[in-house]
Amino acid sequence: MFLYTFLAVITDLAAGLLGHASFRRHFHLLMAGLVIFGPALSLWVSPFSVFAKRTHFLYRMFLRSGWGWTCVLVGSFVFLLSFSVRRSITLSLRHLSRLAVAGGLWQGFRKVLSVLENTTGSCYELLDNPEEGNGATQPLLVLREDASKAACLNAGMLWRGYEVSEDTFLLCLCCLLLAEETAVFGPYLRLGGPSGAPLRIIFLFCVLLLGLWIFVLLCLLAYFPQFPTQLLGGALGCLSWRALYQGWYRLGPSWYCPGRPGMGLLSTEKDGDGKPVGPGQENGAKHK
């Protein structure tokens with residue numbers, strides 16, 4: 001009982017924050033500020049920190065599988081929330097389709113960015129050039145034709161071209177998606193929706209994942225600043241979120257649109273006594 005009470009208090013506070021109108025209205029500005037001013041942290045961080053190594057387990061375990069972690073946790077939360085309210089597989093699949101759309105968008109942009117990098121970039125080989133007199137060496141670049149970026153880097157050569165940071169793009173998109181999908185939990189609780197321990201635990205994991213992605217984004221910006229590739233990646237992530245959640249999904253649920261989070265789940269119907277009916281209670285109200 002104590003553990004559930006503690007879980008309820010923590011999740012209620014988190015749900016209240018994520019569902020607050022000011023947070024939902026300004027969170028994308030926070031993400032934009034992190035991407036723009038985050039590289040300035042490189043002036044204060046230590047290059048000998050454990051986070052300054054690309055081989056750190058935080059990057060290997062989470063960043064390389066960022067979309068997988070987001071999809072599993074957010075998908076579990078969306079399914080539990082929608083199915084516990086309506087007991088409808090069709091409605092749950094419609095809400096889950098937002099993740100499929102975002103995943104398709106992510107994979108599509110990866111393909112486009114890969115083609116762009118291979119088209120506009122060039123591969124160079126580093127050579128040593130001994131200078132006369134002092135015996136110093138200077139690296140010279142020799143252009144290697146007909147090499148893709150992957151083949152160039154695998155051969156230990158240098159690739160130069162127009163790049164967009166896929167890591168920054170993915171982290172910004174995942175953070176904004178997590179904030180949108182979990183924001184409905186606060187209104188859902190205020191309407192008296194069923195909220196057992198499994199749903200609250202999954203919601204808490206989503207909140208922790210959101211905090212982890214923000215931390216990883218700050219680490220990338222501080223320890224591995226790359227201007228303007230990270231700025232372009234962040235802008236692309238924010239534009240993708242705006243096109244989906246602030247554009248297409250506002251059209252409402254239909255055969256061509258899954259609708260916004262919470263649509264069809266949050267109800268403000270009233271029973272025979274004029275009292276609001278929460279999620280999952282409509283059937284009982286209709287029989288009064």
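These are my notebook entries on a predicted model of a single protein chain, taken from the overall fold down to one histidine.

**Entry 1, the chain as a whole.** I began with the secondary structure and found eleven helices and three strands in the protein chain. Reading along the sequence, I wrote the pattern down as α-α-α-α-α-β-β-α-β-α-α-α-α-α. Of the 288 residues, 39% count as buried, and the accessible surface comes to about 15,800 Å², with 64% of that belonging to carbon and sulfur atoms. I also looked up how contacts are spread over the sequence: among those between residues at least 6 apart, 73% join residues at least 24 apart.

**Entry 2, the nonpolar core.** Next I looked up the largest nonpolar core, which has 60 residues, and noted that those with the most contacts inside it are Phe27, Met31, Phe77, Leu81, Phe185, Trp213 and Val216. Helix α9, residues 197-223, gives the largest share of this core, with 13 residues. I then followed Leu81 outwards and, leaving aside its neighbours within four places in sequence, found it in contact with Val184, Phe185, Tyr188, Leu199 and Leu265.

**Entry 3, helix α4.** I turned to helix α4, which runs over residues 66-86 and has 21 residues; from its first C-alpha to its last it reaches 30 Å, close to the 30 Å expected at 1.5 Å a residue. Its buried residues are Gly66, Trp67, Thr70, Leu73, Val74, Gly75, Phe77, Val78, Leu81, Ser82 and Val85, and Phe77 and Leu81 are also on my list of core residues with the most contacts. What covers the buried residues of α4 includes α3 (57-63), α5 (89-120), α7 (166-182), α8 (185-190) and α9. After the helix comes Arg87, for which I noted a positive phi, near 55 degrees.

**Entry 4, His95.** Last, I looked at His95, which is found in helix α5. Is His95 buried or exposed? It has a relative accessible area of 2%, and because buried means under 20%, I entered His95 as buried. Not counting residues up to four places away in sequence, His95 touches Val78, Ser82, Arg260, Gly262, Met263 and Leu265; of these partners, Val78 and Ser82 are among the buried residues of α4, while Leu265 is also a contact of Leu81. Gly262 is 167 residues from His95 in sequence, yet their C-alpha atoms are 8.4 Å apart in space. For Met263 I also recorded a polar contact, its backbone oxygen lying 3.0 Å from a polar atom of the His95 side chain.

Notes. Residues are numbered from 1 along each chain as its sequence is written. This is a predicted model: local features need pLDDT of at least 70, side-chain atom pairs count only at pLDDT 80 or more; totals for chains, interfaces and linings use all residues. Side-chain values use heavy atoms; hydrogens and water are left out. A nonpolar core is a set of buried Ala, Val, Leu, Ile, Met, Phe, Trp, Tyr and Cys residues joined through side-chain atoms within 4.5 Å. Buried means under 20% relative accessible area, exposed over 50%, partly exposed in between (1.4 Å probe, protein chains only). Helices (H or I, at least four residues) and strands (E, at least two) are DSSP runs, numbered from the N terminus. Contact means heavy atoms within 4.5 Å. The expected span of a helix is 1.5 Å times one less than its number of residues. Accessible areas come from the Shrake-Rupley method with a 1.4 Å probe; for residues, only the protein chains shown count as cover. A polar contact is a pair of N or O atoms within 3.5 Å; within protein, one must be able to donate a hydrogen and the other to accept it, and residues adjacent in sequence count only if both atoms are side-chain atoms.
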